[in-house]
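Subject: Structure handover

Hello,

Here is the structure I promised to pass on. Please open it alongside this note.

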Amino acid sequence: MEPIASTPTHCPYCALQCGMNLTPLAEGGVEVSERVDFPVNQGALCGKGRTAAEVLAPGARLTAPLVRKDGRLVEASWAEALDLVAERLRSVKGRYGADALGVFGGGGLTNEKAYALGKFARVVLGTSQIDYNGRFCMSSAAAAGTKAFGLDRGLPFPLEDIPRTGCVILVGSNLAETMPPSLRFFRELRENGGKLIVVDPRRTRTAEQADLHLAPRPGTDLALALGLLHLVVAEGRTDEAYIRERTSGWTEARAAAMAHWPEHVERITGVSVPQLREAVRLFCEPEAAMVLTARGPEQQSKGTDTVGAWINLCLATGRAGRPLSGYGCLTGQGNGQGGREHGQKADQLPGYRKLDDPAARRHVAEVWGVDPDSLPGPGRSAYELLDALGTDVRALLLMGSNPVVSAPRAAHIEERIKSLDFLAVCDVVLSEAAELADVVLPVTQWAEETGTTTNLEGRVLLRRQAITPPADVRTDLYVLHELAARLGVEKGFPTDPEEIFTELRRASAGGPADYSGITYGRLAAENGVFWPCPEPAETGGGVIHPGTPRLFLERFAHADGRARFAAVTHRPTAEEPDSEYPLLLTTGRVVAQYQSGAQTRRVAELNAAAPGPFVELHPRLAARLGAAEGDPVTVVSRRGRATAPARITSAIRPDTVFMPFHWPGEGRANTLTNPALDPTSRMPEFKSCAVRVEVLG
């Protein structure tokens, strides 16, 4: 008997997109094994990646379409389910207009799916009401990076550069739990003599690896960054030649920072002046240094300004657009980078083009074969779209997202979803959102389909199909193809992902995220290609573009080639503690679960490691409340209540409580969180809200 061949591919979970091999087993199922040739993880996998194939099992996933009849979801044929979706979408559009139709995507969708979904919304449905859950992840960093550099790519350099720099400030990331294989780069940094500074209100597993841990009060990262920049100026550590030659806006940004003197920043953040000075010393002494941010500073109602202030620190010291230096965002979701580049955002067209740019509209409309004037304008952002369900938006197509668990003010969003005239969900499992649907369409998973993703480095990757899906499961591309045909658009929505990628390349050509020189063949042969990667000129003997692992080394992406400082000042969170709600809640992840938990909660090994929610309390706070380890406690905000066992630890500040957000039900952390939005990115303030804690008698 011939051995069964393994398929090299990538993990379905976080933005590392770790390489792995998949081997079908003769007795059924799939074996996941290490793939040492992929440079990001070199074979290492976390528990989520190692057990990813368990969600492929029939008992864990959807295997047939479901249609709601007499209040219950029952199995139906694909023809019946698709006919019903098309009929209801057509009916709602006819009665209320195109913008009564909503589309909500996900950062886990492949580039091909994200591209096709955005095209479907605008060409077939004619609606402006499309956004995706990536708005909740890295939109503030994207907005700040675009303002500063003229281009947003999570990391402007590959992860392999991290061990060779002199210092990294890691702001609001617990990567030891959220993306464990990446921790080796930071361990190697320290082994090479470099320094690691971690900024986090909790002493996390990541903070335990640091040379210096700064534990600011939640929501004060902006003041902290400004205070560090103040000290950089006061101690004469700015790079004046770099500022003069490669930046603009320094005078205004400098004046703003100088209003944040160290003692003032200590009172705001709780970080001592000696710690501030030590952070500046560690960052400025080596020739090269980096600042990396994650959800901590980004998921704030001032997240764009906060990230802008950390970028200012890089620019003022000449630590951007130089080898082994720069600012980067640790993108979270599996295709969080590619998902925000190709059209499923409310204001965006493929190639990271702006929807309100006439030239961009003309280019993409030509690729799509439509009139530019037929394309709708920008629509609502993610939370605003969800908040409008049942009123302005009457029907929703939901693909690869679970906002019942993941959205802020989640109980309210759950009620908005229930108020819809019609809900269709495409998913691999019966998520909490899918349970509310009128139609549920079972779609293929990562191992059952081919497509591309773009990891946090901007490295475009090829996920390869390794196994055949169950007989009654289809791809998301099939769903869009069939719905488009039923709604009168017979062409333009192929089911072959490579055909769609070829069109995506044309649509992205000349845009900020230019994929036109990338092909499936190159991705397979080169283990990924970094964008931008334009296609060589058809004439003149053009050389194949190698891709761009490192951005900005010669110039930034603004027309004048200069980076822009952000003149920003600290302001309070949208909801500060008071006598009724005297504490701050911050939220995050645990190592054994992922995002809303819709997939990982179906894996026995992961559930054994992280069986449910909890509330972290400092021992002093627990003593004041009379709470013991394991006692059920209720966290109360202005939006609702969540109950979970107490976990008492000195790793958290006494004025702060922490809850992970992976679970539904009475322990749902996002019942509590505040949907106050950043004015630029429209990011909700997940990371800070006022609460009180009640001990159940």
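Below is what I found, taken one site at a time.

Keep in mind that this is a predicted model.

Helix pair

I began with helix 3 (residues 111-125) and helix 19 (residues 476-486). Their axes lie 10 Å apart, and the packing angle is about 15 degrees. Angles under 35 degrees count as roughly parallel, so helix 3 is roughly parallel to helix 19. The crossing of the two helices is left-handed.

Which residues of helix 3 and helix 19 make the contact? Helix 3 supplies Glu112, Lys113, Ala116, Leu117, Phe120 and Val124. From helix 19 come Asp476, Leu477, Leu480, Leu483 and Ala484. By class, eight of the contact residues are nonpolar and three are charged, with no polar ones.

Asn312

Asn312 belongs to helix 13, which spans residues 303-316. Is Asn312 buried or exposed? Its relative accessible area is 1%. The cut-off for buried is under 20%, so Asn312 is buried.

A polar atom of the Asn312 side chain sits 2.7 Å from the backbone oxygen of Ala566. Ala566 is also on the list of residues that Asn312 touches, once those up to four places away in sequence are set aside. The others on that list are Leu229, Ala253, Phe565 and Val568.

Gln445

Gln445 is a loop residue. The loop runs between strand 18 (439-442) and strand 19 (451-454). Gln445 has 2% relative accessibility, so this residue counts as buried.

What does Gln445 contact, leaving aside neighbours within four places in sequence? The partners are Val55, Leu56, Arg61, Val428 and Gln599.

Glu287

Glu287 is in a loop too, between helix 11 (273-284) and strand 12 (290-293). Why does Glu287 count as exposed? The relative accessibility of Glu287 is 82%, and exposed means over 50%.

Glu287 is in contact with Arg319 and Ser325, not counting neighbours within four places in sequence. I also checked Glu287 against Thr317, 30 residues apart from it along the chain. The C-alpha atoms of Glu287 and Thr317 are separated by 9.9 Å.

To recap the single residues: Asn312 is buried, Gln445 is buried, and Glu287 is exposed.

Best wishes

How values were computed: Residues numbered from 1 in each chain as written. Predicted model: local features only at pLDDT ≥ 70, side-chain atom pairs only at ≥ 80, totals over all residues. Heavy atoms only, no water. Helix = DSSP H or I, 4+ residues; strand = E, 2+ residues; numbered from the N terminus. Buried < 20%, exposed > 50% of the residue type's maximum accessible area, 1.4 Å probe, protein only. Contact = heavy atoms within 4.5 Å. Polar contact = N/O pair within 3.5 Å; in protein donor to acceptor, adjacent residues only side chain to side chain. Axes fitted to C-alpha atoms, helices over the stretch in contact; angles between N-to-C directions. Parallel < 35°, antiparallel > 145°, perpendicular 65-115°, else oblique. Left-handed = near helix turned anticlockwise from the far one by under 90°. Nonpolar A, V, L, I, M, F, W, Y, C, P; charged D, E, K, R; others polar.
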